Amino acid sequence: MKAFLYGVFLQWKLDLRSRTLLIACYIVPLAFFAVMGGVFTSILPDARQTLVQSMTIFGATMGALIGLPPTLVEIYGGDICKVYRVNGVPSWLGLVLCNLSAFIHLLIMSAVLYVAAPAIFNAALPANLWRHFGALAVFLAASLALSSALGLAARDPARSSVFSILAFLPSVLLSGIMFPTALLPDALRALGKLFPATWGYALLTGDGTGLLPLLGILSIAAGLCAVLLRRRMGARAQRLPV
């Protein structure tokens, strides 16, 4: 219990001084919503029907894929991991706390969008509040699991940034939040289905086909995280002096 509380305290301190978390989870998604929400509703008035869902997918994808990997690199690639080991904190606790923290931040950001979109752009609210946030929770879990795998695979911040961008751009562009996926070539439409954003948007807009793919991505990414974490901690243990 002492080790768990110490891990929570350390994560809280990391969150307070994390500019990346603030920018990726709040500033950029909300700024994008403020600008592009007006553009979408001006060009396509029907966009009001799915504005909450599309802005939520963008913000959550941004926060997960851009905000989380640098924190994981900082923990498992630097001295924080040594602090965990010295204080008896399990190696997996940092990963769990980072995901939990990001999940809460992205849920708060999504709630702000849920309230602000109808007030500012007269956007339509999802028909069922609990179904919307339940689907969002599944999407966030899958996105954060994929993001965690990227963060654990990266050995340094530079690689983490490259991995994040390579995952973020196709996630947003091929998910259907910008334009209908029916306009895409078959190859790009198939590529988009590899990312949680495509299935998350389908699930949030009422297409039940997104649930099973998201659970599949979550399971595969979680398994990959377990392998990468074990490999990384094993490599660090070999470098420690005897």
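Good morning. A helix, as the term is used in this talk, is a DSSP run of H or I with at least four residues, and helices are numbered from the N terminus. With that convention, Ala124 can be placed in the loop between α5 and α6. I shall return to that residue after introducing the model as a whole, which is a predicted one.

Let me begin with the overall architecture. The protein chain contains ten helices and zero strands. Of its 242 residues, 47% are buried. Among contacts with a separation of 6 or more, 79% are made by residues 24 or more positions apart.

The next point concerns annotation. An unreviewed UniProt entry assigns the feature "transmembrane region" to residues 21–44, 50–72, 92–117, 129–150, 162–184 and 211–229. Two of these spans may be examined in the model. Residues 21–44 are 96% helix and 0% strand, with end C-alpha atoms 32 Å apart. For residues 50–72, the figures are 96% helix and 0% strand, and the end C-alpha atoms are separated by 33 Å.

I turn now to the interior. The largest nonpolar core has 56 residues, and those touching the most other members are Phe33, Met55, Ile57, Tyr76, Leu95, Leu106 and Leu152. Two or more residues of this core come from each of α2, α3, α5, α6, α7, α9 and α10. Helix α3, residues 51–76, gives the largest share, namely 13 residues.

Leu95 deserves a closer look. Which residues is Leu95 in contact with, leaving aside its neighbours within four places in sequence? They are Leu72, Tyr76, Ser148, Leu152, Cys225 and Leu229. Of these partners, Tyr76 and Leu152 are also listed among the core residues that touch the most other members.

Leu95 appears again in the lining of the second largest pocket, together with Asn99, Leu100, Phe103, Ala141, Leu144, Ala145, Ser148, Ala222 and Cys225. The volume of this pocket is about 160 Å³. Helices α5 (91–121), α6 (129–153) and α10 (211–239) each contribute at least two residues to its lining. By class, that lining comprises eight nonpolar residues, two polar and no charged.

The largest pocket encloses about 230 Å³ of space. Its lining consists of 13 residues, and Leu44, Ala47, Ile177, Met178 and Phe179 lie nearest the centre. Helix α2, residues 19–43, supplies the largest share of the lining, with three residues. Here ten lining residues are nonpolar, three are polar and none is charged.

Ala47 leads us back to the loop with which I began. Ala124 and Ala47 are 77 residues apart in sequence, yet their C-alpha atoms are 9.2 Å apart in space. Setting aside neighbours within four places in sequence, Ala124 is in contact with Arg48, Gln49 and Val52. Is Ala124 buried, exposed or partly exposed? Ala124 counts as partly exposed because its relative accessibility is 22%, and the partly exposed class lies between 20% and 50%.

A second residue in the loop between α5 and α6 is Asn122. Although Asn122 is not a glycine, its phi is positive, at about 55°. Its relative accessibility is 58%, so Asn122 counts as exposed; the cut-off for that class is over 50%.

To close, I would recall two features of this predicted model. The chain is built with ten helices and zero strands, and its largest nonpolar core takes its largest share from α3. Thank you for your attention.

Conventions
Residues numbered from 1 in each chain as written. Predicted model: local features only at pLDDT ≥ 70, side-chain atom pairs only at ≥ 80, totals over all residues. Heavy atoms only, no water. 1 Å grid on protein atoms, 1.4 Å probe; cavity = no way out; pocket = protein on both sides within 12 Å on 5 of 7 lines; lining within 4 Å. Points joined across faces, edges and corners; volume = space filled by probe spheres on them. Nonpolar A, V, L, I, M, F, W, Y, C, P; charged D, E, K, R; others polar. UniProt positions renumbered as here; feature names shortened; annotations may be inferred. Core = buried A, V, L, I, M, F, W, Y, C linked by side-chain atoms within 4.5 Å. Buried < 20%, exposed > 50% of the residue type's maximum accessible area, 1.4 Å probe, protein only. Contact = heavy atoms within 4.5 Å.
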